[in-house]
Amino acid sequence: MHSTQKPRPTPPSRRRVTAAMVAERAGVSTATVSLVANGKASGRVSTTNEAKVREAIRALGYVVDGIGSSLARGVSNTVIMVAPDISNPFFATVIAGVRSALGSKYQLLLSVTDAGQLPSADDTRRLLGLRPAGLLVDAPELSFLEELSAPGPLVLLDAPGFGPEVPAVNLDVAHGARLVAGHLAAAGHRKVAYLDGTTGTATFELRRTAFLETAAELGMEIPAGALAATTINVGLAADAFAAAWPRWKKAGVTAVVCATDTHAYGILQEARAAGISIPGELAVTGFDDLPYSRTSSPSLTSVNLPGELLGRRAAEQLLRLIDGEELQTQQVTLESTLMVRGSTLGT
């Protein structure tokens, strides 16, 4: 018995729409199509021809070949941001600032290291094969630039310690740490603990050193065993605090300073579970001033670091370098402030 079912027609293959096809439909040159498609028509293409090109682009479904264009120019329209472990939610605000400054002209590619690892010059060098327009590097080691030895626009973020000739946007974390020490000393605390992050970045070292030095100057003591560290993780911070608290309590610790708000959230979580009164029995401070710190229970005293502004300023500096401009200031430092809330008040 022969089947009467007709075979299904093979769908026509979709042709790749080219700039030449758009130019033919609009009645203009391919150069005109390129100017319109790449946002460079202002003052160079008449409004009539621009309208014709845009109508043809819509009708044909033309998409700019960004890779081909970038290869022709020798660079891409991509900015690469290299960052250490971004488990800290603070990085979300930094990335948002970068993205807002780049606008639609550049795409942002994020390269993230493994937890606890600093940006690697070798890994970054491999990314240069993508021909980025520029690089943003967060919290590298001091040897990073020497090992990278790659020309091109580059701006560092939160990278204290580099020479004044290196373009960088930094946060005044040392000032924030000193404010924390002064606040706790004024509240009468004499024995404090410090919960650090394990990522060995210069910014963590700087905030820890500034706090410990200022605490000593103000008559506060860090008892033996009251200096601990975990990765930036609420659960791990809670576990570390649970293990250390009996020892800290016995040593007379009445306040704990955390290197990040995320660490502090872990302590607040464990304190609630263990029935530890905050701030009555223990005052807690953080660093970063994440949005949740205003509504946590109790609200968290924290050093406000302008993450969005950090990202935005760094991207703005990079864009100037990409455009061949000289920077008026190679290094920019953003101010930190202490936000005093319920986790330290009333002690």
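Here are some notes on the helix packing, the strands and a few single residues of this structure.

1. Before you start: this is a predicted model, where local features need pLDDT of at least 70, side-chain atom pairs count only at pLDDT 80 or more, and totals for chains, interfaces and linings use all residues. Residues are numbered from 1 along each chain as its sequence is written, and side-chain values use heavy atoms, with hydrogens and water left out.

2. Let's begin with a helix pair. Helix 1 (residues 19–26) packs with helix 3 (residues 47–60) at about 125°, and their axes are 9 Å apart. Helices here are DSSP runs of H or I with at least four residues, strands are runs of E with at least two, and both are numbered from the N terminus. Axes are lines fitted to C-alpha atoms, for helices over the stretch in contact, and angles run from 0 to 180 degrees between N-to-C directions. The two helices are therefore oblique to each other (under 35 degrees is roughly parallel, over 145 roughly antiparallel, 65 to 115 roughly perpendicular, and the rest oblique).

3. Which residues meet there? From helix 1 they are Met-21, Val-22, Arg-25 and Ala-26, and from helix 3 they are Lys-52, Val-53, Glu-55, Ala-56, Ile-57, Ala-59 and Leu-60. By class, the contact of helix 1 with helix 3 has eight nonpolar, three charged and no polar residues. Contact means heavy atoms within 4.5 Å. For the classes, Ala, Val, Leu, Ile, Met, Phe, Trp, Tyr, Cys and Pro count as nonpolar, Asp, Glu, Lys and Arg as charged, and the others, Gly among them, as polar.

4. Now strand 1 (residues 78–83): six of its six residues are buried, meaning under 20% relative accessible area (exposed is over 50%, partly exposed in between, with a 1.4 Å probe and protein chains only). Thr-78, Ile-80 and Val-82 point one way, while Val-79, Met-81 and Ala-83 point the other way. Strand 1 runs parallel to strand 2 (residues 107–112), joined by six bridges, and Val-79 has Leu-108 as its bridge partner there. Strand 1 also runs parallel to strand 3 (residues 134–138), with four bridges; in strand 3, Met-81 is partnered by Leu-136.

5. There is also an open sheet of six strands, ordered 7-6-8-9-10-12, with mixed pairing. Its edges are strand 7 (227–230) and strand 12 (337–339), each pairing on one side only. Strands count as paired if DSSP finds at least two bridges between them. Strand 8 (residues 255–258) and strand 9 (residues 283–288) run parallel with three bridges, and Ala-255 is partnered by Ala-283 in strand 9.

6. Two helices to look at next. Helix 8 (residues 173–186) lies across strand 6 (192–197), strand 8, strand 9, strand 10 (301–304) and strand 12, at about 170° to strand 9. Helix 11 (residues 261–274) packs on the sheet too, touching strands 6, 7, 8, 9 and 10, and its direction makes about 155° with that of strand 9.

7. Finally, a threonine from each edge strand. Thr-230 lies in strand 7 and is buried at 8% relative accessible area. Beyond its neighbours within four places in sequence, its contacts include Leu-195, Asp-196 and His-263. Thr-337, in strand 12, is partly exposed at 31%. Thr-337 is 164 residues from Val-173 in sequence but 9.2 Å away in space, C-alpha to C-alpha.
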